[in-house]
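The following account is intended to be read alongside the sequence and the coordinates. It proceeds from the chain folds to the shared core, and then to the internal cavities and a single buried site.

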Amino acid sequence: MNEPHPGNGNRPPAAAAPARRRRGWNAMDLSLIAVFAALMAASVAIPGINVGALGVPITLQTLVVSLCGLVLGFSRGTAAVSLYVLLGLIGLPIFSGFRAGPAVLASPSAGYIIGFIFGAAVVGALATLAVRSRWRVAGLFGAALAGGLVIHVFGIAGFMVRGMGLQVAVLTDLAYIPGDIIKNVIAVAIALSLHRAFPDLLVRRRK
Amino acid sequence: MRGHAFMVAGYIPGDSFFHRMRLGLKAAALFAVAVLCLASPFVSVAAGLWTTTAVLAAVVGAHFAAGLPWGRLWRAVKLMLIFLVLIAAYQWWQHGPAVAWQVIAAIIATVLASNILTATTPVDELLDGLASLVRPLERIGADPERFSLTVALMLRSIPFVIGAFADVRDAARARGLERNLMARSLPVVIATVAYARSTGEALAARGLGEPAARPSERTPAD
């Protein structure tokens, strides 16, 4: 502990989350939100990495979505992903394949992009609980899996809105599942290292 | 793709009718295209077919009227090709060729229409448009100034993060860890968080980005 956290120890954990919104973010929160949104945007420019024997190129997009939730928690994580989606929708080329603008809402992958926001929200909400529990690692991994599930449900719904049948949509979506599980393992490993390097990151600092 | 070149990748300079059109009008036109394409399930198949085909033809015409290249049109379709084929096959099987064409044409028309908007509007103008959308929300408690600050912070952070990815990739390659996802991403994220924190401290030191304390919310400790 290199910074004093007055009152942090005896604050009931459940009270911290709802109070956060009304109290507003300080400059540090805004900076973290902005920079994680930039991380999402930059991860699009990184070509996929071929992983191990699978030879499946893995893009970092969904990894960063889970990371936003795992590292920033519910409200800041959701805000970071929403900011990324919003700027992509108004026309910055920051969606996969350097796509941009409202076009992605019309394209079949719209479900995933909207799902990112809800996925990050779910990961963030569960991660906040997980870091305080006894089974921290399992809890964080569970949070990442739950968020991934939410993204896939939105993705499948997106395919169906565009006119694909349920079965075809699920089969198309299944192709992404193995890669996503690998990414969730890595996201949790990164989050654990980050929590160790910056202990006050997820636990809210109070002045 | 390093630096700010990345941010203007979508814009194609020109002096066409669409380049000179006001952003609000362009957005309204895009909205009209989307409504026309989405409305087709609510009218008869024949009417929907003709509307969507006409809209698609108009949008393709507009694409060339705006002086945009062929490649741009093809690239937008190419990225969704697999999904379009799957959707077309399913719709053909379930509802016949007319509906399949109508669904595909609607997707392509909306995507191309919003491509025209993105390609004929500079990024600054889009960001200004976003800011003016946020301004009316001030009454319900939003803080447009802090929002714009966050957007600006994000934009200036992108080159930093891309640079960090490039540096870390070189380092991982030198150690023979090019295919190790952990070695490729953990240092980037640590550098990114450290960058965010120093930026946050710098902002706080200058009193920027702090929530405007309303008298009722101010605690005695402040």
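**Fold, core and cavities**

In chain B, 67% of the contacts with a separation of 6 or more are between residues 24 or more positions apart. The model under discussion is a predicted one. Chain B contains nine helices and zero strands, and from the N terminus on its elements run α-α-α-α-α-α-α-α-α. Of the 222 residues in chain B, 43% are buried.

The UniProt record, an unreviewed entry, lists "transmembrane region" for residues 73-92 and 99-117 of chain B. In the model, residues 73-92 of chain B are 90% helix and 0% strand, with the end C-alpha atoms 24 Å apart. Residues 99-117 of chain B are 100% helix and 0% strand, and here the end C-alpha atoms lie 27 Å apart. For chain A, UniProt (unreviewed entry) gives the same feature name, "transmembrane region", to residues 30-49, 55-74, 81-98, 110-131, 138-161 and 181-198. Among these spans, residues 110-131 of chain A are 100% helix and 0% strand, with 32 Å between the end C-alpha atoms. Residues 138-161 of chain A are likewise 100% helix and 0% strand, and their end C-alpha atoms are 35 Å apart.

Attention may now turn to the interior. Which residues touch the most other members of the largest nonpolar core? They are Phe36(A), Leu70(A), Tyr84(A), Leu87(A) and Met154(B), in a core of 121 residues. Helix α3 of chain A (residues 61-90) contributes the largest share of this core, 17 residues. Met154(B) is in contact with several residues of chain A: once neighbours within four places in sequence are left aside, its contacts are Ala34(A), Ala37(A), Ala38(A), Ala41(A), Leu83(A), Tyr84(A), Leu87(A) and Ile94(A).

The model also encloses two cavities of 30 Å³ or more. The largest cavity has a volume of about 70 Å³. Of the 13 residues that line the largest cavity, Thr62(A), Ser66(A), Gly148(A), Ile151(A) and Asn184(A) are the closest to its centre. The elements giving two or more residues to this lining are α3, α5 (110-132), α6 (136-161) and α8 (177-197) of chain A. By residue class, the lining of the largest cavity comprises five nonpolar, six polar and two charged residues.

The second largest cavity, with a volume of about 50 Å³, is lined by residues from chains A and B. Its lining consists of Leu39(A), Leu60(A), Leu63(A), Val64(A), Leu67(A), Phe165(B), Ser185(B), Val188(B) and Val189(B). At least two of these residues come from α3 of chain A, and at least two from α9 (181-205) of chain B. The lining of the second largest cavity divides into eight nonpolar residues, one polar and no charged.

A final site lies in chain B. His63(B) is part of helix α3 (residues 45-65) of chain B. Is His63(B) buried or exposed? His63(B) counts as buried because its relative accessibility is 0%, where the cut-off for buried is under 20%. Apart from neighbours within four places in sequence, His63(B) is in contact with Leu68(B), Pro69(B), Arg72(B), Leu73(B) and Ile116(B). His63(B) is separated from Val189(B) by 126 residues in sequence and by 40 Å in space, C-alpha to C-alpha; Val189(B) is one of the residues lining the second largest cavity.

Technical notes. Residues are numbered from 1 along each chain as its sequence is written. Chains are lettered from A and ligands numbered from 1 in the order in which they are written. This is a predicted model: local features need pLDDT of at least 70, side-chain atom pairs count only at pLDDT 80 or more; totals for chains, interfaces and linings use all residues. Side-chain values use heavy atoms; hydrogens and water are left out. UniProt positions are given in the numbering used here, feature names are shortened, and annotations may be inferred rather than shown by experiment. Helices (H or I, at least four residues) and strands (E, at least two) are DSSP runs, numbered from the N terminus. A nonpolar core is a set of buried Ala, Val, Leu, Ile, Met, Phe, Trp, Tyr and Cys residues joined through side-chain atoms within 4.5 Å. Buried means under 20% relative accessible area, exposed over 50%, partly exposed in between (1.4 Å probe, protein chains only). Contact means heavy atoms within 4.5 Å. On a 1 Å grid over the protein atoms alone, a cavity is a set of points where a 1.4 Å probe fits but cannot get out, and a pocket is an open set with protein on both sides within 12 Å along at least five of seven lines; lining residues have an atom within 4 Å of a point. Grid points are joined across faces, edges and corners, and a volume is the space filled by probe spheres set on the points. Ala, Val, Leu, Ile, Met, Phe, Trp, Tyr, Cys and Pro count as nonpolar, Asp, Glu, Lys and Arg as charged, and the others, Gly among them, as polar.
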